[in-house]
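Let's take a friendly walk through one protein structure. Have the sequence and the 3D view side by side, and look for each residue as it comes up.

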Amino acid sequence: MEKNFIDYIRIFCRSGHGGAGSKHFMRTKYNAMAGPDGGDGGRGAHIILRGNSQLWTLLHLRYYKNVLAENGEGGNKNNQTGRFGKDIIIEVPLGTIARDEETGQKEVEILEDGQEVIWLKGGRGGLGNSNFKTATNQAPDYAQPGESGVEGWKLLELKVLADVGLVGFPNAGKSTLLSSITAAKPKIANYAFTTLTPQLGMVEYRDGKSFCIADLPGIIEGAAEGKGLGHRFLRHIERNSILLFLIPADCADHKKEFEILVNELKEYNPEMLQKDFVIAVSKSDMLDDELKAAIKKELPKKIPHIFISSVAGQGLTELKDMLWKTLNDAKKNL
């Protein structure tokens with residue numbers, strides 16, 4: 001059985017069954033055969049997804065095992081329609097995609113705050129016998145049953161909606177950078193895969209402006225084939241406007257490390273290469289000008305780069321300026 005992560009939830013859902021139509025005949029004091037007056041059954045409850053910009057993860061749904069919506073009530077005499085089942089509204093963060101587990105088909109995608117989409121429709125209520133009265137059949141003694149609801153195992157997965165996505169190998173310094181330029185407090189440790197789930201932070205820029213940056217789980221060579229966190233990591237990058245490649249100054253081969261990261265993105269989805277790239281060389285507070293010049297020669301000439309140190313606070317303001325300029329240039333080109 002799949003485990004439940006805060007960016008990946010597996011739940012069993014069932015929308016409400018429709019209520020049965022009523023088979024009833026009106027009887028009055030003066031007319032014992034006044035005719036059919038059976039009302040329609042009520043609609044079964046829908047299961048609805050609603051976007052909420054205040055949510056950043058699927059954590060609040062972690063312990064949802066079953067989502068069972070209310071059935072509609074049956075119709076009644078005097079052409080009374082049965083009560084509709086009370087709809088269930090599930091609030092999810094923006095960027096949530098709902099899929100059917102069996103088919104893998106995408107059913108719903110939530111991108112806007114307040115956006116409501118019926119995920120599983122409730123069953124339609126059955127028609128009462130009053131609907132079937134005709135000139136030749138004035139006393140129909142049948143009514144429709146309500147339609148069944150929809151049920152099945154469903155998947156909710158979150159693709160992070162951030163302006164900038166941090167890409168790098170484990171221990172590249174992504175979590176440290178995020179904690180330095182935002183109010184986010186990710187776990188930081190000296191081992192691979194410290195970040196197992198996306199961490200989001202808002203970067204405060206000049207004049208009250210801001211943008212969102214995401215520290216994503218560390219990539220390793222072979223992630224596109226499912227090694228390490230594999231696709232769970234890569235799918236979060238799809239929505240970022242800019243990819244900020246973090247390459248540590250003390251790595252053996254800066255050019256090779258960058259090329260491996262780019263290749264993993266290409267193997268997963270070639271469209272990734274259409275995004276704007278920025279390279280930041282982290283842990284560079286110990287570098288002198290000669291070493292910086294040597295590293296600069298290894299980096300691609302057409303991609304903007306910067307030397308930073310999150311611990312020492314070097315180059316962080318310049319990095320914000322570079323990211324803000326790249327973001328706005330990207331918007332102009334849309």
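M33 is exposed in this predicted model: its relative accessible area is 63%, and it counts as exposed because that value is over 50%. You can find M33 in the loop between β2 (25-26) and β3 (35-36). After M33, we will visit N52 and then the two sheets.

**M33 and a partner far along the chain**

- Pick out A139, which is 106 residues apart from M33 along the chain.
- In space, the C-alpha atoms of M33 and A139 are separated by 8.8 Å.

**N52 and its surroundings**

- Where does N52 sit? Its place is in the loop that lies between β4 (47-51) and β5 (66-68).
- Is N52 buried or exposed? N52 is buried, because its relative accessible area is 15% and the cut-off for buried is under 20%.
- The side chain of N52 joins that of E91 through a polar contact of 2.8 Å.
- Setting aside neighbours within four places in sequence, N52 is in contact with E91, V92, P93, L94 and D113.

**The sheet of three strands**

- Here three strands make an open sheet, and their order is β6-β4-β9 with mixed pairing.
- At the edges stand β6 (88-92) and β9 (116-120), each of which pairs on one side only.
- From one strand to the next, the twist averages 30 degrees.
- β4 and β9 run antiparallel, and four bridges join them.
- For a closer look, find I48: its bridge partner in β9 is I118.

**The sheet of five strands**

- Five strands make up another open sheet, in the order β5-β1-β10-β7-β8, and the pairing is mixed.
- Why is one side of β5 and of β8 (106-110) left without a neighbour in the sheet? Both stand at the edges and each has a single partner strand, so one side of each has no neighbour there.
- The twist in this sheet averages 25 degrees from one strand to the next.
- Strand β7 (residues 96-100) runs antiparallel to β8, and four bridges join the two.
- To see how this pair lines up, look for R99, which stands opposite K106 in β8.

**To recap**

- Of the two loop residues, M33 is exposed, whereas N52 is buried.
- N52 follows β4 (47-51) in its loop, and β4 is also a member of the sheet ordered β6-β4-β9.

Definitions and conventions. Residues are numbered from 1 along each chain as its sequence is written. This is a predicted model: local features need pLDDT of at least 70, side-chain atom pairs count only at pLDDT 80 or more; totals for chains, interfaces and linings use all residues. Side-chain values use heavy atoms; hydrogens and water are left out. Buried means under 20% relative accessible area, exposed over 50%, partly exposed in between (1.4 Å probe, protein chains only). A polar contact is a pair of N or O atoms within 3.5 Å; within protein, one must be able to donate a hydrogen and the other to accept it, and residues adjacent in sequence count only if both atoms are side-chain atoms. Contact means heavy atoms within 4.5 Å. Two strands pair if DSSP finds at least two bridges between them. Axes are lines fitted to C-alpha atoms, for helices over the stretch in contact, and angles run from 0 to 180 degrees between N-to-C directions.
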